[in-house]
Amino acid sequence: MNRHLVAAALGRLTQEHRDVLRECCCRGSSVAQAAHALGLAPCTVQSRTYYALRALRLAIEELGGVE
């Protein structure tokens with residue numbers, strides 16, 4: 001996968017999903033750290049991360065990035 005495809009797919013996500021992915025995946029924060037940084041409950045971070053990754057995969061598929 002290339003950088004442009006991922007950037008385009010991320011652009012299709014909600015701001016809340018992008019925020020949680022940035023904290024957990026890009027910055028490597030734990031759920032507790034991400035919850036603190038985002039002002040959310042840890043269970044909300046877990047849930048948003050799950051749904052954000054699902055949405056990201058769907059967006060990548062829609063853009064033709066996964067066969």
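Starting at the N terminus and following the protein chain along, you meet its elements in the order α-α-α-α. What you have open is a predicted model, and a count of its secondary structure gives four helices and zero strands. With the whole chain in view, the C-alpha atoms fill a box of roughly 35 × 20 × 20 Å along the principal axes. Of the 67 residues of the chain, 27% count as buried. Among the contacts that link residues at least 6 apart in sequence, 56% join residues at least 24 apart.

**First stop: R3 and helix α1**

Select residues 3-11, which make up helix α1, and within that helix pick out R3. Is R3 buried or exposed? With a relative accessible area of 73%, R3 is exposed. If you now draw a distance from the C-alpha atom of R3 to that of A35, 32 residues apart along the chain, you should find a separation of 27 Å.

**Second stop: helix α2 and what covers it**

Move on to helix α2, residues 15-26, and colour its buried residues, which are H17, D19, V20, L21, E23 and C24. Then show the rest of the chain around them, where the cover over these buried residues includes α1, α3 and α4. Just beyond this helix, look for G28, which follows α2 and has a positive phi, near 75°.

**Third stop: α2 against α4**

Keep α2 selected and add α4. Two packed helices are described by the angle between their axes and the distance between the axes. Here the axes of α2 and α4 come within 9 Å and cross at roughly 105°, an angle that falls between 65 and 115 degrees, and so the two helices are roughly perpendicular to each other. To see the contact itself, select E16, H17, V20, L21 and C24 on the α2 side, together with V45, R48, T49, Y51, A52, L53, A55 and L56 on the α4 side. Sorted by character, the residues of this contact are nine nonpolar, two polar and two charged.

Two residues in this region deserve a separate selection. One is H17, which has its place in helix α2 and is buried, with a relative accessible area of 18%. Which residues does H17 touch, if those up to four places away in sequence are not counted? They are R48, Y51, A52 and A55. The other is T49, which lies in helix α4 and, at 15% relative accessibility, counts as buried. Once its neighbours within four places in sequence are left aside, T49 is in contact with V20 and C24.

**Fourth stop: α3 against α4**

Next select helix α3, residues 31-38, together with helix α4, residues 42-62, and look at how they pack, at an angle of about 100° and with their axes 8 Å apart. By that angle, α3 and α4 are also roughly perpendicular to each other. The residues that meet are V31, A34 and A35 in α3 and P42, V45 and Q46 in α4. In this contact there are five nonpolar residues, one polar and no charged.

**Fifth stop: an aromatic pair**

How many aromatic pairs does a search of the whole structure find? The search finds one, and to see it you should select Y50 and Y51 and show their side chains. A pair of aromatic rings is described by the distance of the centres and the angle of the planes. For Y50 and Y51 the centres are 5.0 Å apart and the planes stand at 85° to each other, which makes the pair edge-to-face. Both rings belong to residues that are partly exposed, Y50 at 47% relative accessibility and Y51 with a relative accessible area of 42%.

**Last stop: the cysteines**

Finally, show the cysteine sulfur atoms. A disulfide here requires two cysteine sulfur atoms within 2.5 Å, and by this rule the count comes to zero. Select C26, which is in no disulfide, and notice that the nearest cysteine sulfur, that of C25, is 6.4 Å away. At 67% relative accessibility, C26 counts as exposed. Why is C43 not bonded to C24, whose sulfur is the closest cysteine sulfur? The two sulfur atoms are 13 Å apart, which is too far for a bond. C43, with a relative accessible area of 51%, is exposed.

Conventions
Residues numbered from 1 in each chain as written. Predicted model: local features only at pLDDT ≥ 70, side-chain atom pairs only at ≥ 80, totals over all residues. Heavy atoms only, no water. Buried < 20%, exposed > 50% of the residue type's maximum accessible area, 1.4 Å probe, protein only. Axes fitted to C-alpha atoms, helices over the stretch in contact; angles between N-to-C directions. Parallel < 35°, antiparallel > 145°, perpendicular 65-115°, else oblique. Contact = heavy atoms within 4.5 Å. Nonpolar A, V, L, I, M, F, W, Y, C, P; charged D, E, K, R; others polar. Phe/Tyr/Trp six-rings, centres within 6.5 Å; stacked < 30°, edge-to-face > 60°.
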